[in-house]
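User: I am in my first year and would like to learn how to read a protein model step by step. Could you take me through the one shown here with questions and answers?

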Amino acid sequence: MNKIGTRRRVEVEMTPRSVGSRNRWSVAADVLTVVMSMLWLFPFIMAIAVALRPQREPISTGNIFFGSHLTLANFERAWNTAPWEWHFLTSVIVVVGVLSVQLVTITMAGYAFARLKFPGRTLLLYIILLQLMIPTGILIVQNVQTIRELGVFNTRWALMMPYWGSAFGVLLMRQTFREIPRDLEEAARMDGANVLQVIRHVYVPLSIPTYTAFALVMVSARWNELLWPLIVTRNPEEGRPLTVGLNQLYSATEAGAQWGNLMAGTMLVIFPLVVLFMIFQRRFIESFAASGLR
Amino acid sequence: MRYIVRLIALGIVAALLAVVPATMSQDDDVVINFYWASAVEGDLPGIFADYAAQFEAENPGVTINPVYTGTYTQTRDTILAEGDSPLVDVAIMLATDMYTFIDDSYIIPLNSFIDEMEDGEAWFDDFFPAFWANSIDPAGNVWSVSFQRSTPIMFYNADLFAEEGIEVPTNNEELIAAAQALHTSDRDGLQIPVAGNFPIWMFQSFANAYGAPLTDGDPTQVTFNAPETLEALEFLTRIGMSVEDGGFGVGPMGGSAWGETPSAFVAGQAAMIYHTIGSLTNILQSADFEVGLSFLPSGPAGEDGTGYGSPTGGGNLYIFDDGSKSEAELQAAWDWVVFLSSAEIQSDWGAATGYIASRISSWEIEPLLSLTEEFPQYAVARDQLDFAYEEFTAYRSVEIQNIINFELSNVISGSVSLDEAASVLENAQAQIDGLLEEFN
């Protein structure tokens, strides 16, 4: 293979015309890549452009990207709309508080369903599967009652507790663990490892890409959730996340769309996630490729 | 899984319960949970915190807990989700939510509070009468008090009218003539925001002006198939239809989008628009031309300065009681409603948000007084209230509005031709009558 490849390249380099056509193709591919990424980037770029534009200038007038001048006035107005510092605090606490518990519960349950034999295993698995199919919206009234009975209404616990178990996560980990060869577990057992040690030293390290993918999905789901927090919490200080602040901007529809404020507020809210994604970008992409999640 | 989650949660919570603050009140004060819905921008949490502080200073022993509950729809859903033991004491909800909540016995009538006021009658009469229309049921019970009210109004580009030497239209014929004169290839003569999910509000102004209000004070009756209703719908639809198709050709086909109409007007892309008075502040700040306001032009329902059809809109204050609240709590809730609807607060809130202050006397005090002196446009919507109709409301209001909005959109957008419009209205009427059957 290697030899043929080398020889071909030599041949290619010898004929100028072929060099040209190969470059054309790779240029075309590059152009296509740029066009596609521009398509994906376009809404994001427009959002930034609108956020930095003076509020009184509609996008249809003046320079499409910069308007007459750039301004942070929209950010100031958006910032003054809601107690964002409390909203940020709550969002971070909730995301960390949900994810850290979820990682434990889905690992345990995933292992149980993947490797342990116990009566009712299939039935329980089906019940969990079933839960994936129930839209959460229809359970909201009952869930609010439960939260109130538990005495955690209007606290951050109310935002975290319902998500401590995750049907999606359990099924995901079950599938991942099943693909890990039993031999590895048996070898560890021979060396005297107990169940927890097997999970800790065999299953978890081999499933890091799946955990990363799961974490990304769950973090953005909790970060973006609105309806539940709006209903079970009442005060920003006790625990209302960023989406509630953003909702204030989005519901100001009486006087027509206030795009500048909306986009500035949106930038404030997504900023931490964007930074997080940029830092862990390579790892995320690897995880999605490895886990087959999209 | 839910059950398992609850069990796990229960175990963990049992351990935490001692340290978790479980209720919203912290001391022996009467606490009023005040849910506010909002549709305007600004530091509203800050404003309500100020109002609450003012009120608490005047009323020792009462704590106001203002809670942002989202849009009107989210607020309604939040209250419904609280179920059998509601936490809400006072809420801003749509003026038209009355029958939704009477029906479910959440809100209480306010007559006895008003009767006990020293100057109850004078207090009542100081509100614009049009704003009571959505608060009082046929039996005479008062269920809500006006807080943040609005009405549709016509904005026009006064510079354009002056340049072209055109008079501001006062009736529908003049409206079309002016729109045709001002319509160019890159400017609409007239934009009416009826594209989208909520054409009913603007449509009401036409139905009223044609003499066929959809509702008339009786929550068990909705009329959507009157001949005048059809005429009104035909007129509204023709505004956006091209001349070749038999329309007036002066606006976008199917109407304009709510959110985009004010910016189109400000950018000079529309000579006249219908929109809410709540847009005035933004439009005044953004337009680089003289902004004119006038009543919505009149229709065939009347002549010589009558036949105006604008409905009212916006949010009212409601008091909630599931029967468990003490005399002191209810009195505090009522005092808070009286405070928020006072002339002083209404003047302040109106100037801050652009809503129409609902007290007649609030227009004679600051800050509204100087604002109207500087911008007389603010008073146009107030003066139009003399002719205003109630906003659409009935039992099963949400479902009926969905039917009406759906069919209006079908006709206005052209999905259904005008020839078929009559049968569309008949079908919708049959569905509406079916929904209201149990109340008749």
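User: In which sense do β4(B) and β9(B) pair, and over how many bridges?

Analyst: Please keep in mind from the start that this is a predicted model. A single pair of facing residues is a good place to begin, and here Ser146(B) stands opposite Asn316(B) in β9(B). Taken as whole strands, β4(B) and β9(B) pair in the antiparallel sense over five bridges.

User: Which strand pairs with β3(B) in the antiparallel sense, and which residue is the bridge partner of Leu94(B)?

Analyst: The antiparallel partner of β3(B) is strand β9, residues 313-319 of chain B, and the two are joined over five bridges. Looking along β9(B) for the residue that faces Leu94(B), we arrive at the bridge partner Gly315(B).

User: In which sense, parallel or antiparallel, do strand β1 of chain B and β3(B) pair?

Analyst: Strand β1 covers residues 30-36 of chain B, and two bridges link this strand to β3(B). One example of a bridge is the one that joins Tyr35(B) to Ala91(B) in β3(B). The sense of the pairing between β1(B) and β3(B) is parallel.

User: How many residues of strand β3 of chain B are buried?

Analyst: In the five-stranded order β2-β1-β3-β9-β4 of chain B, β3 is written between β1 and β9. A residue counts as buried if 20 or more other C-beta atoms lie within 10 Å of its own. By that test strand β3, residues 90-94 of chain B, is mostly covered, and the number of its residues that are buried is five of five.

User: Which strands stand at the edges of the open sheet of five strands in chain B?

Analyst: The order of this open sheet is β2-β1-β3-β9-β4 in chain B, and its pairing is mixed. An edge strand has a single partner strand, so one side of it is left without a neighbour in the sheet. The strands that fit this description are β2 (62-68) and β4 (145-150) of chain B.

User: What is the order of the open sheet that four strands form in chain B, and what is its average twist from one strand to the next?

Analyst: The four strands follow the order β6-β7-β5-β8 in chain B, and their pairing is mixed. At the edges stand β6 (188-191) and β8 (291-294) of chain B, each with a single partner strand, so one side of each has no neighbour in the sheet. From one strand to the next, the twist averages 20 degrees.

User: Which helix of chain B packs on the sheet and touches β6 and β7?

Analyst: The two strands in question, β6(B) and β7(B) (residues 270-276), pair in the parallel sense over three bridges. One bridge here links Gln191(B) with Ile273(B) in β7(B). The helix that touches both strands has a direction that makes about 140 degrees with that of β6(B), and this helix is α9, residues 172-182 of chain B.

User: How does the radius of gyration of chain B compare with what the globule rule gives for 440 residues?

Analyst: Chain B holds 19 helices and nine strands. The globule rule gives 22 Å for 440 residues, and the value for chain B is close to this, so the chain is as compact as a globular protein of that length. The radius of gyration of chain B is 23 Å.

User: Which helix gives the most to the side of domain 1 of chain B that touches domain 2 of chain B?

Analyst: Chain B is divided into domain 1 (24-150 + 313-387) and domain 2 (152-311 + 396-439), and 17 residues of domain 1 of chain B are in contact with 20 residues of domain 2 of chain B. On the domain 1 side, α4 (98-103) and α17 (378-384) of chain B each supply at least two residues. With four residues, the helix that gives the most is α17(B).

User: How many residues does helix α2 of chain A give to the side of domain 1 of chain A that touches domain 2 of chain A?

Analyst: Chain A has 15 helices and zero strands, and its domain assignment gives domain 1 (2-73) and domain 2 (77-291). Seven residues of domain 1 of chain A are in contact with seven residues of domain 2 of chain A. Helix α2, residues 16-51 of chain A, gives the most to the domain 1 side, and its share is four residues.

Note on methods:
Residues are numbered from 1 along each chain as its sequence is written. Chains are lettered from A and ligands numbered from 1 in the order in which they are written. This is a predicted model: local features need pLDDT of at least 70, side-chain atom pairs count only at pLDDT 80 or more; totals for chains, interfaces and linings use all residues. Domain bounds come from an automatic or database domain assignment. Two residues are in contact if their C-beta atoms, placed from the backbone, lie within 7 Å. The radius of gyration is taken over C-alpha atoms; the globule rule is 2.2 Å times the number of residues to the power 0.38. A residue is buried if 20 or more other C-beta atoms lie within 10 Å of its own, exposed if 12 or fewer, and partly exposed in between; C-beta atoms are placed from the backbone. Two strands pair if DSSP finds at least two bridges between them. Axes are lines fitted to C-alpha atoms, for helices over the stretch in contact, and angles run from 0 to 180 degrees between N-to-C directions.
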